[in-house]
Amino acid sequence: MTKTIAILAPGAMGSAVARRLGENGARVLTSLKGRSEATQKRAADAGMIGAEDDAIAEADIILSIVPPGEAVALAERLAALIVRREKKPIVVDCNAVNVDTVQRIEEIIGSAQAPFVDGGIIGFPPQPGGKSPAFYLSGEYAGDLAVLKDLGLDVRIVEGPVGAASALKMSYAGIVKGLAGIGSAMVVAATKAGAADALRDELALSQPAVLARLEVALPDMIPKAYRWVAEMREISGFLGPDHPASQIYEGFARWFEHLAADANGEAVDAALLKAFAARVAQKKA
């Protein structure tokens, strides 16, 4: 029997996941109200079906895949849609939010008497013929989503309650994106001080793996910086206000805010990051 899965929203990750599910026999719905022409085309190209709220509420599974700052508002919208439904979908929050936030979302969805699963996505959007990112799931109903594995997703159960999968996501993102934050900040500072070549040469000698990562990460992060701002603040919240390192991630949030504004403006620092990465590639050639 064909599973109906609703994905909100049809962004880069959501649409790519929808394509993978559709390739494996699922019927995938989304909401296109107020969405741009580009988003509507991306959804159509991924095989997603634009649906009204009533149809979305009738799906078997609802995957919330939105920027972290929108996760609670979407949960409230979903709870209002499904509260009067006799048949309840399983709602999965797949967003980069901290444990407190996902527990709040669980309460919101629970108020509509719907089963809830905590999720965290690690990896890039699936490409045709490529592997799926890892979908880490936790909570009482996580085992009920084994069907997603049959539909082409890499599902991994984290033993533990709601919050366990989000804790994993926060920790992983805190390391990987934290390294991107440190690297980009130091590359810009070194370049403005005239030490870019010396920094690059020293990294090549003593930290070649770090340099190789920066070659890819620096240009890749520029168009994503705006999405990382709220995620850094979620990581800061995950550590808690009394943790000495929480302010590090608040600092990264401000740094990514700056990079996002710079990229949409004069792109001064964006150009420095791209030039550093390009020079690494030239040195290797």
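**Ser138 and the cavity**

User: Which residues does Ser138 touch, leaving out those up to four places away in sequence?

Analyst: This is a predicted model, where local features need pLDDT of at least 70, side-chain atom pairs count only at pLDDT 80 or more, and totals for chains, interfaces and linings use all residues. Numbering runs from 1 along each chain as its sequence is written, and side-chain values use heavy atoms, with hydrogens and water left out. Contact here means heavy atoms within 4.5 Å. On that basis Ser138 touches Val117, Asp118, Val158, Gly160, Pro161, Val162, Gly163, Ala164 and Ala165.

User: Is Ser138 buried or exposed?

Analyst: Ser138 sits in strand β7, residues 134-138 (strands are DSSP E runs of at least two residues, helices H or I runs of at least four, numbered from the N terminus). Buried means under 20% relative accessible area, exposed over 50%, partly exposed in between, with a 1.4 Å probe and protein chains only. Ser138 comes out at 0%, so it counts as buried.

User: Which backbone nitrogen does the Ser138 side chain reach at 3.1 Å?

Analyst: That side chain also reaches the backbone oxygen of Pro161, at 3.0 Å. For the 3.1 Å pair, the backbone nitrogen belongs to Ala165.

User: Which element gives the largest share of the lining of the largest cavity?

Analyst: The lining is Ser64, Ala71, Leu74, Ala75, Leu78, Val91, Asp93 and Ile105 (a cavity is a set of points on a 1 Å grid over the protein atoms alone where a 1.4 Å probe fits but cannot get out; lining residues have an atom within 4 Å of a point). Two elements give two or more residues, α4 (71-82) and β5 (90-93). The largest share, 4 residues, comes from α4.

Conventions:
On a 1 Å grid over the protein atoms alone, a cavity is a set of points where a 1.4 Å probe fits but cannot get out, and a pocket is an open set with protein on both sides within 12 Å along at least five of seven lines; lining residues have an atom within 4 Å of a point. A polar contact is a pair of N or O atoms within 3.5 Å; within protein, one must be able to donate a hydrogen and the other to accept it, and residues adjacent in sequence count only if both atoms are side-chain atoms.
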